[in-house]
Amino acid sequence: MIVPELLARRVAEEPERAALEVAGGGTLTFAEWHARADALARGLVRRGVRRGDRVGLLFGAENWTDFAVAYCAAQLAGGVAVPISDRFAPAEVAYMLEHCSATGVLHAGKGPPDGGYWSAVPAELEPGSREPEPPGPGDLAQILYTSGTTGRPKAVAATHANLTYGCAPRANRRRFGHSRLLLHAFPIGTNAGQAMLINALDARPSVLTLARFTPGRFARLIESRQVGTVFLVPAMALELLNAGLHERHDFSGVVLLGSAASALPAALCERLAAAFPKATVTNYYTSTEAAPAQTVMIYDPSRPAALGRPALGSGLKITGPDGGPLAAGETGEIWLRSPATTRSYYRDEQASTHTFRGGWVRMGDLGYLDEDGYLYLVDRESDVLKSGAYKVSTVQVEAALHEHPDVAEAAVAGVPHPVLGTVPAAAVVPRSRAPLVTELRAFLMTRLAPHELPARVIFVDRLPRNHSGKVVKSGLRDLLKQADSVVEAGSAEKSGPFQKEGGR
């Protein structure tokens, strides 16, 4: 099956049903979506788009309906959709378009008028004489550029068969059948955003999106529109809860609260479960490279830090340095097996060989399985700190910090140390007051080993995040290095943590 067939199927079943709505903006029915995409696809053919050509899609989140039309139009024309958020810097956009050799770029009317930039308004692209050549299930459907938290974004290519895996063959089997509306605020050009676009094509609820996430407006939409399914990332959840909006708005209509993009800290899971009293709080663990493989975890107070077990026919294993499987409780590399044709890095065979092997996808994370097969994340492989003779998980230090009642957000990275090489340091966003250093130290000493205690803590108004909501560790390290709080000598083991405190 190809992605546009999902749309054609919905048009045949319920043409006037709202498929996609931008809060405060436009609404797109399935019939309108199909008609506009077909007209635009024919216009793209007239412009010279051929099967397999890459078509850039440069849109802001306020243009989700236009983006949805352009996405299906590029594929109906036989092309490969390359979604790019307008939140990327111009140099990044130029790199992406050059890297994938885009034939042209569809935009919402704000881009250059020529030079390969085409308006997504169908009236400007009148049909040509040649019929579009539709793609097949094994053809490329989209190229997504990763968020680039650790370097230059990589181009992850997915086929139509990969994107449509698990889509319901019958209307009564559609996902999220318990809801009339699904709300999210994910940016265009992210894996989470693309998952919501497929939901608009295949799931039961109409998809409601907020162009720019603000906790107040998000909370008002949940209450006023009686939203049944909500998807967010941990950073959004923290903003929502730290603002106390669950105390002023009725969230009892939410029956499913899903978190994506990164793991939910255990303390945050507990707070979400209390704030959404009737919702099943669910954590989805995957990556742009691994989808549709994933693990799913319904919040369980007895396993608050678990990331769940494989879902959707996925496979899961933990391997050691020799590539062999490890026993329960042993920490190693996390691999997910895709139930569909795996993705790949576009035009990067070396990176593909490293990450994709025989249907398995290397996640770049370290973790372990418990005796019941539940996955626990230790850290990003690149973020594990070697401090003296010890290895330190930044994820575990962050989880401990999030348990403190005066900590709104926290992120941990390594900073240079003259004796130990590297020591953990933390940037903390406090709630109403910044906790005292001595108080925070005493709190962490009951939860962390001496070598895990942050040797430096600074208080900041916000953490450096990318457009997906993930903390950018390079920016975090820069913040920590530039801070006035400096460890001159010794270590947390010799001198204790928090020798000096950075101000807000």
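The paragraphs below describe the confidence, the nonpolar cores and several strands and helices of a predicted model.

Confidence comes first, as it frames the rest. The protein chain has a mean pLDDT of 88, and 91% of its residues reach 70 or more. Two stretches call for some care. Over residues 111–115 the pLDDT stays under 50, and the model has two contacts beyond four places in sequence for this stretch. Over residues 484–504 the pLDDT likewise stays under 50, yet here the model has 54 contacts beyond four places in sequence.

In soluble globular proteins, nonpolar side chains tend to be buried together. In this model, the largest nonpolar core has 86 residues, and those with the most contacts inside it are Trp 33, Leu 57, Tyr 71, Leu 106, Phe 218, Leu 272 and Phe 276. Helix α3 (residues 64–76) supplies the largest share of this core, nine residues. A second, separate core of 17 residues includes Val 397, Val 407, Val 457 and Phe 459. Within the largest core, Leu 272 offers a handy local view: apart from neighbours within four places in sequence, Leu 272 is in contact with Ala 237, Leu 241, Leu 257, Leu 264 and Val 281.

Helix α3 is also the place of Thr 65. This threonine is buried, its relative accessible area of 12% lying under the 20% cut-off. Not counting residues up to four places away in sequence, Thr 65 touches Leu 20, Val 22, Gly 26 and Leu 28.

Strand β11 (residues 229–232) is a neat case of alternation. In a regular strand the side chains alternate between the two faces of the sheet. From β11, Thr 229 and Phe 231 point one way and Val 230 and Leu 232 the other way, and all are buried. The strand has parallel partners: two bridges join β11 to strand β9 (residues 181–184), and four bridges join β11 to strand β12 (residues 256–259). Val 230 takes part in both pairings, as the bridge partner of Leu 183 and as the residue opposite Leu 257 in β12. Between β11 and β12 the chain passes through helix α8 (residues 234–242), and this β-α-β crossover is right-handed.

Further along the chain, strand β17 (residues 332–337) takes part in antiparallel pairing. Five bridges join β17 to strand β16 (residues 315–319), the two running antiparallel, with Trp 335 as the bridge partner of Lys 317. Strand β20 (residues 360–369) also pairs with β17 in the antiparallel sense, over five bridges; in this pairing, Gly 332 stands opposite Gly 367. Five of the six residues of β17 are buried, so the strand is largely enclosed by the rest of the structure.

Helix α12 (residues 437–445) gives a view of burial in a helix. Its buried residues are Leu 440, Phe 443 and Leu 444. Seen down the axis of α12, these buried residues fall within an arc of 90 degrees, so they line one face of the helix. The spacing behind such a pattern is familiar: an α-helix has 3.6 residues a turn, so residues three or four places apart point the same way. What covers the buried residues of α12 includes α11 (394–402) and β24 (407–417).

Notes. Residues numbered from 1 in each chain as written. Predicted model: local features only at pLDDT ≥ 70, side-chain atom pairs only at ≥ 80, totals over all residues. Heavy atoms only, no water. Buried < 20%, exposed > 50% of the residue type's maximum accessible area, 1.4 Å probe, protein only. Pairing = 2+ DSSP bridges. Arc of directions from axis to C-beta. Contact = heavy atoms within 4.5 Å. Right-handed = clockwise from strand over helix to strand, strands pointing away. Core = buried A, V, L, I, M, F, W, Y, C linked by side-chain atoms within 4.5 Å. pLDDT = per-residue confidence, 0-100.
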